[in-house]
Amino acid sequence: VLADSSLIRCLFMRYMADIIYTNIGAIVVALNPFNFKIPRYMDDQMPKYLGEGHAIQANVPHSWAQAHNTYWEMVDNAQNQCVLISGESGAGKTEATKIVMKYLAQVSCIGGSTTERDGALLVGQKLSACSPFLESFGNARTVRNDNSSRFGKFMKVQFDQAGFLRGAFVV
């Protein structure tokens, strides 16, 4: 039986070693490091995940790995998929969403032409660019977060039959 104290101790030990992502079954637990300079999580590490094929096996847990596996399940099974990002105020949900969206734009255009790659990356850039606009209408200062979202966001990301990112809706 896994006790709460064992889980919390494990997460604490990993956090102190700058390991902010932990897999618990199909769930990735992410702890906000308040530090964007941890080498294993920098964008220059993304190609290691992109090169893994249809399932992440060799790389450490990351939001990229979750996005990667979800994307390939969608492509391989031709079924809709969902990524749920949840947490309390200040936990990093907005940042996690940006990380996932950036990865989905990258993974969707791996085998594409320059035009297809540019189109997929442009959709990802536009989604990232609209976030500050949305947040300007619904964020507030709280005790734990100077820029806390006061609303939920639902993003419906659209891919074509070949798996290229083509568009998205934010509700």
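**Exercise 1. How many salt bridges does the structure hold?**

Solution. The model is predicted, so a few conventions come before the count: local features need pLDDT of at least 70, side-chain atom pairs count only at pLDDT 80 or more, and totals for chains, interfaces and linings use all residues. Residues are numbered from 1 along each chain as its sequence is written, and side-chain values use heavy atoms, with hydrogens and water left out.

Step 1. Take the criterion: a salt bridge is a side-chain nitrogen of Lys or Arg within 4 Å of a carboxyl oxygen of Asp or Glu. Side chains of opposite charge can pair when their charged atoms come close.

Step 2. Apply the criterion. The structure holds 3 salt bridges.

**Exercise 2. Describe each salt bridge and the exposure of its partners.**

Solution. Two terms are needed. Buried means under 20% relative accessible area, exposed over 50%, and partly exposed in between (1.4 Å probe, protein chains only). Helices (H or I, at least four residues) and strands (E, at least two) are DSSP runs, numbered from the N terminus.

Step 1. Lys102 pairs with Asp43, and their closest N and O atoms are 2.3 Å apart. This pair links distant parts of the chain: Lys102 lies in helix 4, while Asp43 lies in the loop between strand 2 (27-30) and helix 2, 59 residues apart. Lys102 is partly exposed at 41%, and Asp43 is partly exposed at 42%.

Step 2. Lys98 pairs with Glu95, with the closest N and O atoms 3.3 Å apart. Because they are 3 residues apart in helix 4, Lys98 and Glu95 are separated by about one helical turn. Lys98 is partly exposed at 32%, and Glu95 is partly exposed at 34%.

Step 3. Asp160 pairs with Arg166, the closest N and O atoms being 2.9 Å apart. Asp160 counts as partly exposed at 28%, and Arg166 counts as partly exposed at 37%.

**Exercise 3. Which residues have the most contacts inside the largest nonpolar core?**

Solution. Step 1. A nonpolar core is a set of buried Ala, Val, Leu, Ile, Met, Phe, Trp, Tyr and Cys residues joined through side-chain atoms within 4.5 Å.

Step 2. The largest such core has 22 residues, and those with the most contacts inside it are Tyr49, Tyr71, Tyr103, Leu104 and Val107. Two or more residues each come from helix 2 (46-50), helix 3 (63-77), helix 4 (93-108) and helix 5 (114-138).

Step 3. Look at Tyr103, using contact in the sense of heavy atoms within 4.5 Å. Not counting residues up to four places away in sequence, Tyr103 touches Met46, Tyr49, Leu50, Trp64, Ala67 and His68.

**Exercise 4. Is Thr70 buried or exposed?**

Solution. Step 1. Thr70 is located in helix 3.

Step 2. Its relative accessible area is 13%, so Thr70 is buried.

Step 3. Leaving aside neighbours within four places in sequence, Thr70 is in contact with Gln81, Cys82 and Val83.

**Exercise 5. How many disulfides does a search of the whole structure find?**

Solution. Step 1. A disulfide is a pair of cysteine sulfur atoms within 2.5 Å.

Step 2. The search finds 0 disulfides.

Step 3. Consider two cysteines: Cys10 counts as partly exposed at 37%, whereas Cys82 is exposed at 64%.
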